[in-house]
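This report works through a protein chain from its overall division to a few selected side chains. The sequence and the structure come before the discussion.

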Amino acid sequence: SLASTAITCFTRGLDLTKETEDVLCPANCPLWQFYVFGDGIYASLSSICGAAIHRGVITNAGGAVRVQTLPGQENYPAVNANGIQSQVLTRWASSFSVTRTKNTVLEAVGRSVSTARPSTGKRPKKPLDKKAGNKDCKADIAFLIDGSYNIGQRRFNLQKNFVGKVAVMLGIGTEGPHVGVVQASEHPKIEFYLKNFTAAKEVLFAIKELGFRGGNSNTGKALKHTAQKFFSLENGARKGIPKIIVVFLDGWPSDDIEEAGIVAREFGVNVFIVSVAKPTTEELGMVQDIGFIDKAVCRNNGFFSYQMPTWFGTTKYVKPLVQKLCSHEQMLCSKTCYNSVNIGFLIDGSSSVGESNFRLVLEFISNVAKAFEISDIGSKIAAVQFTYDQRTEFSFTDYTTKEKVLSAIRNIRYMSGGTATGDAISFTTRNVFGPMKDGPNKNFLLVLTDGQSYDDVRGPAAAAQKAGITVFSVGIAWAPLDDLKDMASEPRESHTFFTREFTGLEQMVPDIIRGICKDFLDSKQ
């Protein structure tokens, strides 16, 4: 059987790369920290070990689990089982199931037989499904074709044939992949958008009709233009579906492609590069940047680059490329709540808190921050401490790695003083969130306080929400519930948290993370 990979309590289904994978869950994972969505079929956002305990495949003593990747679905139910309360999720892009890993051989045989058999019985249904397309392949794809003098008219036609074959095999349809085409030459031209056609026949016809433009291969310019303009909702992009640009390059680009790659990643677009006829040793001197492929793709892990020696006899390259484009869980550049939020912490440093409780607050903040993928193109964290006065401990752009953020949180010094929460909210909205206003991430503010504010909190909190910031209030000890509710975003119940003791903060961590993710998903629906 397959060798098992050791994973952590927090490894999610979407962190795995293989269709079927045997994993080893550790012992004694804290049950309340599991995020599990569904029952039997779990959204890939779920913790694998949590799902396995929920399903009864293993106990909290850990053990081996087989994980099978499945298509996404709607309405994952909430079920309480084996000490874990799973959560409801209306929709997610991929799922998985968990089983014991004993009868490896049997399972594999059973599966291959069952997939081979039913084709005969399904005949009459065909026309219906054809319109819907391949539902298992959820993707919005822009084919960025090379229309430069590099490729020339003849190879341009061969390129069109290849793109046509890929489009047909993808299974384009109303509920399947949608595609559009952009031609790169001197200036990029969007030939057709995602919304223009939802049937493979129409797409094929549109591809055949494309005229060759000629000019320099300004692939960087075209890639940037496509990432910024092509995937708008009015042009037919669908929410929650991976955005993909497949760049076809004959030879090499005449402009810089690195910046375009960064822009694409910032916009949550997964860039693939299909390079044909790589530059020869003699030609390399003419290439601006030899590492152009690695710098433009979504991740430099080999998955996003694809090479074909020439435009002749390319049929055998169609299927492997289609399989890549349909591997939903590999689309690392798509936006998720873990990699697309800015979270600002507003920390009460008043004298009623005290040094040791202040440490517990910092620990709580670290535990929330830890759950997110912090990077220059991912989630960002900022912290402000307040008494009557405010002090920005660090802003969103100061630290772009998780280690640095956690170390900065540990190093926050306790101020001690009065409590002016309203003022502090205004200060944070203006100085910390202000500069992030037009960025791609969703903004969240967590206000932590242990007492009554000396000033009005309602006005400043309303202004923060109006500026697009979702506010969670976390009250401890003497914080009045009315104040907490007045600060919190709607629905107030789910954005207001309270604990009598500072030690109770720890239990809130999963609910706060879940709340942030729920708001993020709702904003994307």
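Contact here means that heavy atoms lie within 4.5 Å of each other. In this predicted model, Thr-11 touches Ser-46, Ser-47 and Ile-48 on that criterion, once residues up to four places away in sequence are set aside. Thr-11 itself is placed in the loop between β1 (5-6) and β2 (20-25), and its relative accessibility is 13%, so that it counts as buried, the limit being under 20%. A polar atom of the Thr-11 side chain also lies 3.0 Å from the backbone nitrogen of Thr-8.

**Overall division**

The chain is divided into domain 1 (5-100), domain 2 (140-331) and domain 3 (341-523), and the C-alpha centres of domain 2 and domain 3 are 42 Å apart. According to an unreviewed UniProt entry, the annotation "domain: VWFA" covers residues 140-325 and 342-512. Within the span 342-512, helix accounts for 39% and strand for 23%, while the C-alpha atoms at its two ends lie 14 Å apart.

**Arg-55**

Arg-55 has its place in helix α1 (residues 48-55) and, with a relative accessibility of 46%, counts as partly exposed. Its C-alpha atom is 7.4 Å from that of Asp-39, although the two residues are 16 apart in sequence. Asp-39 is also one of the contacts of Arg-55 beyond four places in sequence, the others being Gly-40, Tyr-42, Asn-82 and Val-98.

**Gln-385**

Which strand holds Gln-385? The residue lies in β16, which runs over residues 380-386, and its relative accessibility of 0% is the reason it counts as buried. The side chain of Gln-385 takes part in a polar contact of 2.8 Å with the side chain of Glu-393, and one of its polar atoms lies 2.8 Å from the backbone oxygen of Arg-413. Both partners recur among the residues in contact with Gln-385 when neighbours within four places are left aside, a list that also includes Ile-347, Gly-349, Phe-358, Ile-412 and Tyr-414.

**Aromatic rings and charges**

Across the whole structure, a search finds 20 aromatic pairs. One of them joins Tyr-388 and Tyr-454, whose ring centres are 5.2 Å apart and whose planes meet at 50°, so the pair is described as tilted. This pair links distant parts of the chain, since Tyr-388 belongs to the loop between β16 and β17 (390-394) and Tyr-454 to the loop between β18 (442-449) and α13 (458-466), with 66 residues separating them. Tyr-388 counts as exposed because its relative accessibility is 51%, and Tyr-454 counts as exposed because its value is 58%. Elsewhere, ring pairs connect Phe-143, Phe-162, Phe-248 and Trp-311 into a cluster.

Charged side chains are also placed over aromatic rings, and two such arrangements are set out below.

| Charged residue | Ring | Distance to ring centre |
|---|---|---|
| Arg-12 | Tyr-338 | 4.1 Å |
| Lys-442 | Phe-444 | 5.4 Å |

In the case of Arg-12, the residue lies over the face of the Tyr-338 ring, whereas for Lys-442 the charged end sits over the ring of Phe-444.

Terms used:
Residues numbered from 1 in each chain as written. Predicted model: local features only at pLDDT ≥ 70, side-chain atom pairs only at ≥ 80, totals over all residues. Heavy atoms only, no water. UniProt positions renumbered as here; feature names shortened; annotations may be inferred. Helix = DSSP H or I, 4+ residues; strand = E, 2+ residues; numbered from the N terminus. Buried < 20%, exposed > 50% of the residue type's maximum accessible area, 1.4 Å probe, protein only. Polar contact = N/O pair within 3.5 Å; in protein donor to acceptor, adjacent residues only side chain to side chain. Domains from an automatic or database assignment. Phe/Tyr/Trp six-rings, centres within 6.5 Å; stacked < 30°, edge-to-face > 60°. Lys NZ or Arg CZ within 6 Å of the ring centre and 35° of its normal.
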